[in-house]
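Visitor: I've got a model to look over and a few things I'd like to ask about it. Could you walk me through it?

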Amino acid sequence: MELLTNVNKNEVLKYLGYRGGEKDGNVMAKIDEMAKLVIDAARPQACHMVLKIISHEPLETERLGGVFTGEDIKRHLKECSECVLMAATLGSETEKLLRRLSVTDMADAVIFDACASSAIENVCDNYTREIEEEYRKKNMFLTERFSPGYGDLPLETQRFVTDALQTEKRIGLCLNRSMMMQPSKSVTAIIGASDVPQAKRKTPCESCVKFEDCEFRKRGVVCYE
C-alpha cells in the first residue's frame, strides 16, 4: 500500500491563510516545488491496533481500561463495539529538511511546512481507507478519526496511544515531555467501529475544484447546509 499519494494544493493554500482572489503564480510554483521536496523526503509509516469496548458508561476498553476520558470521545464511540488506535508519521527526514529550510529560507520553510501538513493528512486518509476496507468485509462501519487534544479529550491521552502501539519501536514516533510528537508531522487518532453506519463530515472545501475561485468563500460562507 502506498501511504503518501498526494499533496493537496488547496489544503496548502488554506494552511497559508489563502482566502480566495487572484492566484500568485510565484506562490503556486513554490508550492509545487516544496510539495515535491516533501514527497521525496517523506518516509511515511503507520500502525494500528484494535481494542474491544467493554463499557460505555464509563467508557472503557480492553487492555487500556478507562483512559479515554471526556464527554466528546464518549459521544464519538457511543454506537461502537470496538475502537482502532492508529498512528502515522512522515518520518525524520522531512523534519530534518524543514529545520534546514528554517535556517536558509524562512519563506520556503513556511510553504514546506504547509505541504508537509497536507501530506500527513493524505497518509492518514489512505491508511484509514485501508482499515475501513477490512471492516467493510465484516459489515462494520468506521467513525471519523478523533485525536488526543480534540474537544475535551486530554492531550495526555497521546501517551496511552503511543505506548499501546509501541510507536517508537514500530514507526519511529515518540513524545516529548509536553506531549508533542517527534517527528512533528505525525498523527495519533482513535476511530470507532460499529455495526451501524456512522455519520461522516461533509467533503471539505479544500477538495472542491472551485476552491481557489469560489465566490462563496470570498464572502465567508459555504455552498451547503
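**Helices, a sheet and a threonine**

Guide: Let's start with Met106, which lies in helix α5, residues 106-136. Keep in mind that this is a predicted model.

Visitor: Which residues make a nonpolar surface patch with Met106?

Guide: The patch covers about 250 Å² of surface. Besides Met106, its members are Leu16 and Val110.

Visitor: Is Leu101 buried or exposed?

Guide: Leu101 sits in helix α4, residues 92-104. Leaving aside neighbours within four places in sequence, it touches Met34, Met106, Asp108, Ala109 and Phe112. Its relative accessibility is 10%, and the cut-off is under 20%, so Leu101 counts as buried.

Visitor: How far is Leu101 from Asp113 in space, C-alpha to C-alpha?

Guide: In sequence, Leu101 and Asp113 are twelve residues apart. In space, the C-alpha to C-alpha distance is 9.7 Å.

Visitor: On to the sheet. Which strands stand at the edges?

Guide: The sheet is open, with five strands in the order β2-β1-β3-β7-β4 and antiparallel pairing. An edge strand has a single partner, so one side of it is left without a neighbour in the sheet. That describes β2 (59-61) and β4.

Visitor: How many residues of β7 are buried?

Guide: Take one side of β7 first: Ser186, Thr188, Ile190, Gly192 and Ser194 are all buried there. On the other side, Val187, Ala189, Ile191 and Ala193 are buried too. The strand is therefore largely enclosed by the rest of the structure, and the count is nine of the nine.

Visitor: How many bridges join β3 to β7?

Guide: Strand β3 covers residues 80-89 and runs antiparallel to β7. One of the pairs is Cys83 with Gly192. The number of bridges joining β3 to β7 is nine.

Visitor: And which residue in β7 is the bridge partner of Phe141?

Guide: β4 pairs with β7, residues 186-194, in the antiparallel sense over two bridges. Leu142 stands opposite Ala193. For Phe141, the partner is Ser194.

Visitor: What about Thr143: which side chain makes a polar contact with its side chain?

Guide: Thr143 is in the loop between β4 (141-142) and α6 (157-165), and it is buried, with a relative accessible area of 5%. A polar atom of its side chain lies 2.7 Å from the backbone nitrogen of Gly192. Beyond neighbours within four places in sequence, its contacts include Cys80, Ile191, Gln198 and Lys200. The side-chain partner, at 3.0 Å, is His76.

Conventions. Residues numbered from 1 in each chain as written. Predicted model: local features only at pLDDT ≥ 70, side-chain atom pairs only at ≥ 80, totals over all residues. Heavy atoms only, no water. Helix = DSSP H or I, 4+ residues; strand = E, 2+ residues; numbered from the N terminus. Buried < 20%, exposed > 50% of the residue type's maximum accessible area, 1.4 Å probe, protein only. Polar contact = N/O pair within 3.5 Å; in protein donor to acceptor, adjacent residues only side chain to side chain. Contact = heavy atoms within 4.5 Å. Patch = residues over 30% accessible without salt bridge, like charges linked within 9 Å, V, L, I, M, F, W, Y side chains within 5 Å. Areas by Shrake-Rupley, 256 points an atom, 1.4 Å probe, with all protein chains shown as cover. Salt bridge = Lys/Arg side-chain N within 4 Å of Asp/Glu carboxyl O. Pairing = 2+ DSSP bridges.
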